[in-house]
There are 2 protein chains.
Amino acid sequence: MQALVFDGELVLKHDYPKPNRVDEVLVRVLRAGICNTDVEIVKGYMGYHGVLGHEFVGVVQDGEMRGARVVGEINAYDETCPTCLRGDVTHCPNRTTLGIVNRDGALAEYLALPARNLHRVPDSVTDAQAVFTEPLAAACEITDRIHIRPTDHVCVIGDGKLGLLCAQVLRLTGCDLLVVGRHADKLAILQRQSIRVTTDASSIHRQFDFVVDCTGHASGFELARRLTRPRGTLVLKSTFHGGQETAFAPFVIDEISIIGSRCGPFEPALRLLDKKLVDVDAMMSEEFPIEQSVEAFQHAIAPGVIKVQVVM
Amino acid sequence: MQALVFDGELVLKHDYPKPNRVDEVLVRVLRAGICNTDVEIVKGYMGYHGVLGHEFVGVVQDGEMRGARVVGEINAYDETCPTCLRGDVTHCPNRTTLGIVNRDGALAEYLALPARNLHRVPDSVTDAQAVFTEPLAAACEITDRIHIRPTDHVCVIGDGKLGLLCAQVLRLTGCDLLVVGRHADKLAILQRQSIRVTTDASSIHRQFDFVVDCTGHASGFELARRLTRPRGTLVLKSTFHGGQETAFAPFVIDEISIIGSRCGPFEPALRLLDKKLVDVDAMMSEEFPIEQSVEAFQHAIAPGVIKVQVVM
């Protein structure tokens, strides 16, 4: 099968072996998205080699769900270790992660996942929309783990893919929301939903109960820290390669909480898509056939581009 | 009056002016403690110049509480700003802090504080014990802000003054507690309370629901991070001067929370002392008269020393 593989360099393979995992379900991929994590992987993050991609919609090829149009949670876990038994399956120490850790990903004609990872897509949700389920679930992880009150003052920093989704999910809490970004065209997507936006946060200090850093850059952390009020919470949503010089005394003095947040629940994300409570159509930049997936990858990192999808 | 002053160097002044603040209460200091924060201030932390010291017991000299033996909360706040009205008075942006920010401290014959900052000391609590109220309140801040369950696995790193107090407070939750330290003699204080201790955490990884870093060193943060389980919480209790290189991706991947924690509530700390639920007597290393307070300060940073107090 055709598959976009990273093995030190990015290559479209034409005769990559079809996945063949015992006790798993084969899925024919209809579409897959390109995420910043994929871009970071190609920079060396996670040390992953294999088929890239973890955002997809596809059709089940075998088993009880055969023929169903599905999206899939990306962490395959063992269900028996103490971490899984505690309910933290996405943190299973024995997990593999689609296109990220020891498991070929979704930028290919076929993928395999355990049946329990798959979720049926409602008919009301298009293929292109369904591919947003995974990053939208990551945005839902914020409200799944943290109680955001309608009276809270919340700031999202970053107007990339994840920032736009986090802002839209947080908007639904009724909170007082501000998004700080750099791109007027991306921020316009949020303005159409009456979300307050700015490209200049230089005059804002220590005002927000919650600040969500979606920038994927070290500079975002510094800004997020400056915008968080004493006893406020800084949510780290984005991963990036490398470290940064950080002084921790200010976090102790201001009693700030920093909360790391990663993969989230698929069912609420599918409900938000089904009920049209989140606009992902405006985030679609371009689609490429898998034959042009290397070009798609180059396009995904170009300025102004939001979401690029690959069609199989 | 006599006062231990830091103005770039540490000097015992003999004719320092007695505090004279309108709308505040004059307190004759009986005893004051030397804390690691004082040591950090002398290294340049906070840029503070003035009378050092913020742990004390004293006798009120005027007003309605005249004659009362008291301890005092160290942050003087305005009570009218949004931060105070939200209840976060210790974070008042207009605050002064005894011996730390714009307010002469307790290593002197007299100090002044607003009446609302003062708490009467129960007769059952000795002067030497009462001086521990402030750091014990800081330990109580952990359980005041974070729900530690009796089923939780908790680790305290650091066997200095704050570590010994945090461990004793956390022990009372009934949690499964381990203290990692470097000094057998200090850890022995905890062992007498049946607290499990170790000097070697090299074989422990990602096991604890909560890890409390009381080391006051950058290395403590790294160890704390390694001991915290995925979705666990790392509590930062100690402040120290300077920064450190930190990679944040692991905190996102493991969805770890980092919670900064500073000053705490005095009333529960006084109850713990009154009911003898915490042993501070074992933490008393030595006392010096104020005439020898510079020597007391030198002694406080010597190896093996826990708490040094100065008697006025």
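Which residues in α4(A) meet which residues in α9(A)? The legends below take up this contact and then turn to cysteines of chain B, all in a predicted model.

**Close-up 1. The crossing of helix α4 and helix α9 in chain A.** Helix α4 of chain A spans residues 133–145 and helix α9 of chain A spans residues 266–274, and their axes come within 8 Å and cross at roughly 110°. Because angles of 65 to 115 degrees count as roughly perpendicular, α4(A) and α9(A) are therefore described as roughly perpendicular to each other. The crossing of α4(A) and α9(A) is right-handed.

**Close-up 2. The residues that meet between α4(A) and α9(A).** From α4(A) come A:Thr133, A:Glu134, A:Leu136, A:Ala137 and A:Cys140, and these meet A:Phe266, A:Pro268, A:Ala269, A:Leu270, A:Leu272 and A:Leu273 in α9(A). Sorted by character, the residues of this contact comprise nine nonpolar, one polar and one charged.

**Close-up 3. The surroundings of B:Cys155, a cysteine in no disulfide.** Over all chains, the structure holds zero disulfides. For B:Cys155, the nearest cysteine sulfur is that of B:Cys214, which lies 9.9 Å away, whereas a disulfide would need the two sulfur atoms within 2.5 Å. B:Cys155 has a relative accessible area of 0% and is buried.

**Close-up 4. The surroundings of B:Cys175, which is in no disulfide.** The cysteine sulfur nearest to that of B:Cys175 belongs to B:Cys155, at a distance of 10 Å. B:Cys175 has a relative accessibility of 9% and counts as buried, since the cut-off for that term is under 20% relative accessible area.

Methods
Residues are numbered from 1 along each chain as its sequence is written. Chains are lettered from A and ligands numbered from 1 in the order in which they are written. This is a predicted model: local features need pLDDT of at least 70, side-chain atom pairs count only at pLDDT 80 or more; totals for chains, interfaces and linings use all residues. Side-chain values use heavy atoms; hydrogens and water are left out. Axes are lines fitted to C-alpha atoms, for helices over the stretch in contact, and angles run from 0 to 180 degrees between N-to-C directions. Helices (H or I, at least four residues) and strands (E, at least two) are DSSP runs, numbered from the N terminus. Angles under 35 degrees count as roughly parallel, over 145 as roughly antiparallel, 65 to 115 as roughly perpendicular and the rest as oblique. A crossing is left-handed if the near helix is turned anticlockwise from the far one by less than a right angle, and right-handed if clockwise. Contact means heavy atoms within 4.5 Å. Ala, Val, Leu, Ile, Met, Phe, Trp, Tyr, Cys and Pro count as nonpolar, Asp, Glu, Lys and Arg as charged, and the others, Gly among them, as polar. Buried means under 20% relative accessible area, exposed over 50%, partly exposed in between (1.4 Å probe, protein chains only).
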